[in-house]
Amino acid sequence: MIYWIVFLPLAGFIYCAFLGTRFSDRYSQVITCSFLTVSSILSWIIFFKFFSTTETQTFHLLNWITSGDFLVNWSFRLDTLTAVMLVVVTTMSTCIHVYSIGYMSEDNSISRFMGYLSLFTFFMLTLVTSNNLLQMYFGWEGVGLASYLLIGFWHHKESANKAAIKAFVVNRVGDFGYTLGIVGIFFVFGSVYFDTIFSQAENYADQKIHFLVFDFSTINLLCFLLFIGAMGKSAQLGFHTWLPDAMEGPTPVSALIHAATMVTAGVFMVARMSPLFEYADTTNIFVTFIGASTAIFAATIAITQNDIKRVIAYSTCSQLGYMFFAAGLGAYNAAIFHLMTHGFFKALLFLSAGSVINALHHEQDMRNMGGLAKKMPQTMILMWIGSLAIIGFPFISGYYSKESILEIAYFTNSSVAVYAYIVGIITACLTAFYSWRLLFMTFHGNSRVPREIWNNVHESSKVMIIPLVILAVGSIFSGLFFADMFTGSEKEIFWYGSIVIKHDHHHMPFIQTLIIKLSVAFGIVFAAIIYFYKKELAKTLTSYLNPLYVISQNKWYIDELYTKIFVKPAFFLASFFWKYIDQKSIDSFGPDGVSRFINLLARGASRIQSGLLYHYVFIMLGGLVLILSWFVYK
Amino acid sequence: MLDWPVLSFTIFLPFVGALIIIFIKETDDSITNIKWAALSISLGTFVLSCLIWFLFDKTNPNYQFIEKYHWFSDFKFYYHIGVDGISLFMILLSTFLTPFCILASWESIKQRVKEYMIAFLVLETFMIGMFCAVDTLLFYIFLEAVLIPMFLIIGIWGGERRIYASFKFFLYTFLGSVLMLIAIIYMYQISNTMNIEELRNFKFDKNVQIWLWLAFFASFAIKIPMWPFHTWLPDAHVEAPTAGSVILAGVLLKIGGYGFVRFSLGIFPEASYFFYPLVFSLSIIAIIYTSLVALAQTDWKKLIAYSSVAHMGIVTIGIFVVNQQGVEGAMMQMLSHGIVSAALFLCVGVVYDRMHTKQISFYGGLVNRMPRYAVVFMIFMLASIGLPGTSGFVGEFLTILGAFKFNIFLAFFTASGVILSAVYMLYLYKRVVFGTIKNEKLKTILDLNSREIIIMVPLLIFVFIMGIFPNLFLDPMRLPIKNIIINYELANGK
């Protein structure tokens with residue numbers, strides 16, 4: 001069954017690649033969507049099976065690389081974690097495939113688009129079903145490739161091409177760490193298979209390794225390297241710059257890849273490696289710190305952005321930060337739970353935003369929106385549901401997952417946990433603020449849409465609304481249904497050793513939960529005041545807090561900084577090496593220099609050969625004198 | 001195995017074919033015949049080499065299909081050829097690429113077609129002979145002989161600065177080889193043999209090894225090429241016709257790597273250990289430095305030439321860490337690079353045939369007119385940057401693995417090539433293929449024709465086969481490499 005789930009999307013891609021342009025686009029749409037639907041139905045069947053039978057299953061397909069003692073196969077693994085990810089990936093992907101039929105209906109390479117989406121899904125599925133680190137890397141790089149292709153889908157746009165390269169390269173920097181991590185794990189454990197690694201992890205808990213000039217604990221170093229990869233893929237602080245730019249791609253792409261699935265691969269990987277991360281105490285502190293910092297950092301940017309997709313993109317960064325700090329504190333189940341609920345509501349938010357963008361003819365600037373509730377009531381309701389879910393409105397999905405993350409931060413006894421907890425609450429407030437800012441600027445108040453567009457604005461077609469409704473249902477109920485299994489009383493039976501579970505279970509004191517709720521409510525009210533009731537307040541605030549506002553508006557100048565310290569010097573060095581070292585030094589002293597020298601020598605020698613008899617006679621005479629005198633003096 | 005000398009047949013079939021072609025008079029009508037004759041001969045050679053692959057016994061670490069005839073009566077010089085797991089795929093690579101070279105030149109070569117085809121067939125004979133040679137002097141003869149047709153190909157059918165480039169290529173590589181010849185003569189004087197296997201068992205004194213190693217190094221480091229001996233390569237590539245670049249990048253660069261494994265590691269293990277810091281430093285410089293230089297290039301072929309130097313840096317690291325993963329990774333990297341860089345040069349050739357310029361700034365937006373081309377080029381580009389599932393990944397990964405076993409620092413630098421290669425290749429691809437067509441001349445450019453598709457498809461298939469079933473290639477080379485490593489470890493008392 002797992003083969004069908006994984007390879008059906010690949011079949012869809014192959015159809016689109018080879019036959020897609022030959023037949024009507026409609027066939028590509030039907031084939032990819034139906035394949036994905038089958039795949040997701042199968043995933044749900046497997047998922048429900050995992051409520052009772054919980055044995056880890058492995059499937060061996062083919063040998064891949066055998067070299068000395070290094071052995072790796074194409075093989076698949078099925079446990080609870082995989083089953084959860086299968087459901088998340090295939091469900092989101094199916095919804096987004098169907099949605100794309102409507103969204104991309106006016107594009108002229110529909111088949112290519114559907115093919116790329118299916119290709120992405122295939123790679124994502126190999127990533128989550130892999131039985132070893134190297135095959136996971138195959139999926140890992142593969143989703144990076146699909147993301148590159150899809151960001152640059154509109155390849156006539158210069159900005160899209162740049163964003164695509166940026167995404168790929170930044171991810172590659174992360175992958176650099178990840179590769180070293182895999183290699184290091186093989187070096188230490190002698191295998192890249194999860195089972196073998198986990199069963200030995202304990203033995204290496206105290207081992208040290210020498211790197212650079214320091215002695216590191218082996219597992220800390222390995223986990224750190226792996227986490228670098230996760231930071232790249234999940235756009236964590238420092239590596240986050242590619243994600244907002246990735247919004248150049250079509251909106252379904254942003255929803256599928258850059259919100260619901262691919263960017264969560266980092267979180268998935270950390271959870272998958274949780275038996276190893278358990279022993280990496282220092283790295284875990286780092287993970288928590290980065291996660292929490294990313295959460296608040298991205299949120300501070302999100303509150304001032306005007307591009308609707310960028311707001312949601314920064315919000316994604318921020319939510320990923322939540323997942324990482326949960327993982328860093330050892331609450332892998334909470335991280336995965338948030339991953340799942342986030343998948344639903346973030347896809348919903350993105351696709352609703354896409355619906356708005358589509359209606360406004362690719363207008364993404366929220367300053368040119370407003371009052372759309374009248375024209376697009378369904379989209380408005382869906383967006384509200386998504387926003388309620390993201391802020392953690394009681395009994396909607398985000399509530400359960402975010403609460404359990406903050407809970408773990410509250411009960412963990414360390415300074416970084418305190419930091420994470422405080423940051424978590426502030427971020428929750430900021431989240432509420434930017435979410436409602438988005439709602440008010442888009443759907444409520446007076447319309448700022450140009451008149452000629454305004455008259456044509458209409459609700460999106462059914463094919464776009466139905467997937468949204470499915471996602472909305474998921475956003476509302478996934479928390480309620482699964483809370484017990486993921487983080488509640490049944491968690492140990494449900495996860496069954498596929499990830500590490502902390503045994504303790506407390507409830508936060510009422511006062512703490514009240515603080516969280518109040519801070520969220522404060523965020524909403526504040527947004528309502530500024531963007532709905534008293535608009536002039538926004539201007540006053542901006543002018544009072546001008547420096548802060550400018551910093552946030554310009555994303556803390558990180559992009560400019562990177563251009564200054566990485567991009568410019570690289571190009572400078574490149575032309576310096578080429579012009580001055582390669583050409584002016586190596587070549588002109590090396591081969592060219594030698595040939596010039598020989599030329600000079602030859603010219604000197606040829607001058608002796610003048611063709612004049614008395615020159616030759618003179619030289620002969622001189623020679624004779626020399627030889628004779630040598631004989632005489634000997 | 002076979003009662004007829006299949007190896008000699010493979011070596012000399014192209015040569016005999018070339019002799020036959022000499023007797024065809026070149027007229028407008030017979031040009032097609034010449035091309036077809038050359039193509040069918042090279043295909044026949046490929047079939048023969050596949051037969052060797054098919055009959056090859058991968059459980060035997062020694063030379064197979066051995067033929068040995070005494071050549072000179074005065075001293076021990078034999079026509080002694082054989083194949084083992086290390087040379088098997090080098091031979092296959094040569095025979096695999098030659099038909100594509102002939103196909104790629106089908107329309108682009110308009111003058112002296114007959115001589116051109118003869119040059120390629122003769123070149124093929126020499127290349128196969130070189131990889132088959134078990135006798136050091138025989139190896140040397142073929143190695144030098146390879147330069148002649150290549151020199152002519154660049155010098156006669158090349159671009160504007162072809163004379164400069166061909167002389168630079170010839171003299172530079174010749175200089176290295178001459179030093180090697182001296183070393184071979186000296187080795188013969190001490191050991192009284194020129195057989196590679198016997199030389200391996202003959203223990204040279206360490207000081208002698210060091211000098212001999214340096215002499216061989218001069219030859220191979222220029223061939224492969226290592227920094228700072230690489231400057232002939234970009235010039236040669238830029239001026240060579242497409243097919244010339246294909247052979248140059250696909251096979252001739254591999255001579256260096258092959259020689260390092262066969263001679264430096266095999267015969268001079270102690271000196272190889274002595275010199276590893278030198279090799280690693282040069283390799284790391286090559287990876288980082290040439291990757292950066294590639295970024296600054298404005299000429300498409302030069303960019304790929306520089307990327308080759310960086311890739312070969314990974315190969316030399318893999319070879320000199322001397323463990324199973326490292327050496328196998330280096331071999332895989334060479335095979336992969338042989339196919340991928342050849343394919344990339346063919347990709348350049350496709351548009352060069354249409355537009356007659358290799359300036360990157362001339363192009364842009366090709367995808368609008370050439371969607372098939374864009375796909376093919378994309379796949380080769382991804383293989384070049386080592387995406388898992390393509391051929392480039394296996395070699396690169398195994399090399400990093402081997403390097404990590406040796407030293408974590410080394411792995412760190414080797415892996416940095418992963419980032420840089422992505423930067424310059426994606427940047428190239430963006431400038432050439434994506435965007436809108438700004439240049440008026442490009443508005444009528446045509447997509448791949450059926451001949452070009454026939455060239456690209458087998459290469460694409462091999463890129464994926466090598467990425468997904470690399471064991472097909474790793475299995476035969478396992479035992480011979482293991483022998484070399486054991487020998488190396490014994491010599492250095494590990």
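**Two chains in a predicted model**

Biologist: How much area is buried between chain A and chain B?
Modeller: Buried area is the accessible area (1.4 Å probe) that two parts lose on being put together, summed over both. Here carbon and sulfur atoms give 75% of it. The total between chain A and chain B is about 5,000 Å².

Biologist: Which residues of chain A lose the most area to chain B?
Modeller: Three residues lead, and together they give 13% of what the chain A side buries. They are A:Arg172, A:Phe176 and A:Trp578.

Biologist: What pLDDT must side-chain atom pairs have to count?
Modeller: Residues are numbered from 1 along each chain as its sequence is written, while chains are lettered from A and ligands numbered from 1 in the order in which they are written. Side-chain values use heavy atoms, with hydrogens and water left out; this is a predicted model, so totals for chains, interfaces and linings use all residues, local features need pLDDT of at least 70, and side-chain atom pairs count only at pLDDT 80 or more.

Biologist: How many residues does the contact take from chain B?
Modeller: Contact means heavy atoms within 4.5 Å. Chain A gives 53 residues. Chain B gives 62 residues.

Biologist: Which element gives the largest share of the side of chain A that touches chain B?
Modeller: Between the chains, 19 residue pairs are in polar contact (N or O atoms within 3.5 Å; within protein, one must be able to donate a hydrogen and the other to accept it, and residues adjacent in sequence count only if both atoms are side-chain atoms). Elements of chain A giving two or more residues to this side include strand S1 (57-67), helix H6 (158-189) and helix H25 (558-589). Helices (H or I, at least four residues) and strands (E, at least two) are DSSP runs, numbered from the N terminus. The largest share, 16 residues, comes from H6(A).

Biologist: How many residues on the side of chain A that touches chain B are nonpolar?
Modeller: Ala, Val, Leu, Ile, Met, Phe, Trp, Tyr, Cys and Pro count as nonpolar, Asp, Glu, Lys and Arg as charged, and the others, Gly among them, as polar. This side has 12 polar and eight charged residues. The nonpolar residues number 33.

Biologist: How many salt bridges cross the interface of chain A and chain B?
Modeller: A salt bridge is a side-chain nitrogen of Lys or Arg within 4 Å of a carboxyl oxygen of Asp or Glu. The side chains of A:Asp587 and B:Lys168 meet in one, at 2.9 Å, N to O. Over all chains the count is 22. Across this interface it is three.

Biologist: Which residue meets B:Lys430 in a salt bridge?
Modeller: B:Lys430 lies in helix H17 (residues 408-432) of chain B, and its pair crosses to helix H6 of chain A. The N to O distance is 3.1 Å. B:Lys430 is buried at 11% relative accessible area (buried means under 20%, exposed over 50%, partly exposed in between; 1.4 Å probe, protein chains only). The partner, at 42% partly exposed, is A:Glu158.

Biologist: How many residues apart in sequence are the parts that A:Arg272 and A:Asp79 tie together?
Modeller: Their side chains meet in a salt bridge of 2.9 Å, N to O. A:Arg272 lies in helix H11 (residues 265-272) of chain A and A:Asp79 in the loop between S2 and helix H3, so the pair ties together parts that are distant in sequence by 193 residues.

Biologist: Is A:Ser352 buried or exposed?
Modeller: A:Ser352 sits in helix H15 (residues 332-359) of chain A. Its side chain reaches the backbone oxygen of A:Leu348 at 2.7 Å. Beyond four places in sequence, A:Ser352 touches A:Thr379, A:Leu382, A:Met383 and A:Leu468. Because its relative accessibility is 0%, A:Ser352 counts as buried.

Biologist: How many disulfides does the whole structure hold?
Modeller: A disulfide is a pair of cysteine sulfur atoms within 2.5 Å. The sulfur of B:Cys132 is 14 Å from the closest cysteine sulfur, in B:Cys50, so it is too far for a bond. The search over all chains finds zero.
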